[in-house]
Amino acid sequence: MLTITPMPTLHVSGCDLHFNDVGRGPGAVVLLHAFPLHGGMWAAQVEALSRHHRVVVPDYRGLGQSTPAPAASTMALLAEDVLALLAHLRVERAAVAGLSMGGYLALEVWRQAPGLVRGLALCDTRAGADTAEGAAGREAFARSALEQGLGWVADAMIPKLLKPDPDPAVVRQVRHLVNGGTPAGVAAAQRGMALRPDSTATLATVTCPTLVVVGQEDALTPPAEAEKLAAGVKGAALVRLPGAGHLSNLEAPAPFTAALESFLGGLPA
Ligand code: MLT
């Protein structure tokens, strides 16, 4: 059984960055969370993976326990945080697994430090940037989050994050995770995602082993997006998870973890 200890903090560029660092093994893996959640969404994966791997899980600025929120949580800023954290922990090589916003960030980590990345897992995510309409929608969401708070954020996001007719226990879990953030952090994440670059051209530069995972019922980043991702990275494997929506690690935890574990097990340290 995993022992839960208070998450440590690293002070980096004006932010107290909370993170989890558990397990030991020949290789490290960093788990990058989805919006508008925090590193706690990876609890099931941390418990399983930390038996054989070192697992590092940050909360992004303004989400979870990392404070304060910046004006915009750009992928460039969050990737600098991840790299500062890994340097602090003396992790020189790591697999990087990100779900949705975490996938946007994983591709930015690859751009900033390809030599550090020993494998990439891109889960329920996409390579493309926002359309002008999508970016405007994020700004409207950011304003509503600031005005109406996290209860509104959870109500607005849960139908998009989970499959139709979701498990009520998972709905409660996601609501709890959303409540772990701050409205300012939610707004900053939306504004940061709106500014993210198009990563389509980056895919062709990826030379490390790559796994793409998607929930078959993911409505936000549907299987067609996963197919595009997998086709864009030479040699990438694609795993589809039946019975899961966008947050496939929460809706299909056992097959998600098995897919990630098998991928990590095949990587050189
Ligand atoms: C996420 O799950 O991280 C977000 O929904 C991604 C997004 O809004 O593009």
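In this predicted model, 8 strands come together as an open sheet, and their order across the sheet is S1-S2-S4-S3-S5-S6-S7-S8. The pairing of these strands is mixed. In general, strands of a sheet pair through backbone hydrogen bonds, and they can do so in a parallel or an antiparallel way. The two edges of the sheet are easy to find: they are strand S1 (9-12) and strand S8 (237-241), each of which pairs on one side only. From one strand to the next, the sheet twists by 20° on average.

A helpful place to look at the pairing is the junction of strand S3 (residues 28-32) with strand S5 (residues 94-99). These two strands run parallel and are joined by 5 bridges. To follow one of these connections, start at Val 30, whose bridge partner in S5 is Val 96.

Helices come next, beginning with helix H2. This helix lies across S1, strand S2 (15-22), S3 and strand S4 (54-58), and its direction makes an angle of about 120° with S1. Helix H2 (residues 75-88) also packs with helix H3 (residues 101-112); their axes are 9 Å apart and the angle is about 70°. Angles of 65 to 115 degrees count as roughly perpendicular, and H2 and H3 are therefore roughly perpendicular to each other. On the H2 side, the contact is made by Met 75, Ala 76, Leu 78, Ala 79, Glu 80, Val 82 and Leu 83, while H3 contributes Met 101, Tyr 104, Leu 105, Glu 108, Val 109 and Gln 112. Sorted by class, this contact of H2 with H3 holds 10 nonpolar, 1 polar and 2 charged residues.

A second helix pair makes a nice comparison. Helix H4 (residues 132-148) and helix H7 (residues 183-194) have axes that come within 8 Å and cross at roughly 170°. That angle makes H4 roughly antiparallel to H7. Among the residues of H4 in this contact are Arg 138, Phe 141 and Leu 146, and the H7 residues include Pro 183, Val 186 and Met 193. By class, the contact of H4 with H7 has 11 nonpolar, 1 polar and 4 charged residues.

Some of these helix residues appear again around the ligand. The residues surrounding the ligand are Ala 34, Phe 35, Ser 100, Met 101, Tyr 104, Arg 138, Met 157, Leu 161, Met 193, Leu 220 and His 246. For three of them, a distance to a ligand oxygen atom can be given. In Tyr 104, an N or O atom of the side chain is 2.5 Å from an oxygen atom of the ligand. For the side chain of Arg 138, the corresponding distance is 2.7 Å. His 246 has a polar side-chain atom that lies 2.8 Å from an oxygen atom of the ligand.

The loops hold a few backbone details worth a look. Phe 35, one of the residues around the ligand, is joined to Pro 36 by a cis peptide bond with omega of about -5°. Pro 36 sits in the loop between S3 and helix H1 (43-49). Another cis peptide bond runs from Thr 67 to Pro 68, where omega is near -10°, and Pro 68 belongs to the loop between S4 and H2. Finally, Arg 90, in the loop between H2 and S5, has a positive phi of about 60° although this residue is not a glycine.

Terms used. Residues numbered from 1 in each chain as written. Predicted model: local features only at pLDDT ≥ 70, side-chain atom pairs only at ≥ 80, totals over all residues. Heavy atoms only, no water. Axes fitted to C-alpha atoms, helices over the stretch in contact; angles between N-to-C directions. Helix = DSSP H or I, 4+ residues; strand = E, 2+ residues; numbered from the N terminus. Parallel < 35°, antiparallel > 145°, perpendicular 65-115°, else oblique. Contact = heavy atoms within 4.5 Å. Nonpolar A, V, L, I, M, F, W, Y, C, P; charged D, E, K, R; others polar. Pairing = 2+ DSSP bridges. Near = heavy atom within 4 Å. Polar contact = N/O pair within 3.5 Å; in protein donor to acceptor, adjacent residues only side chain to side chain.
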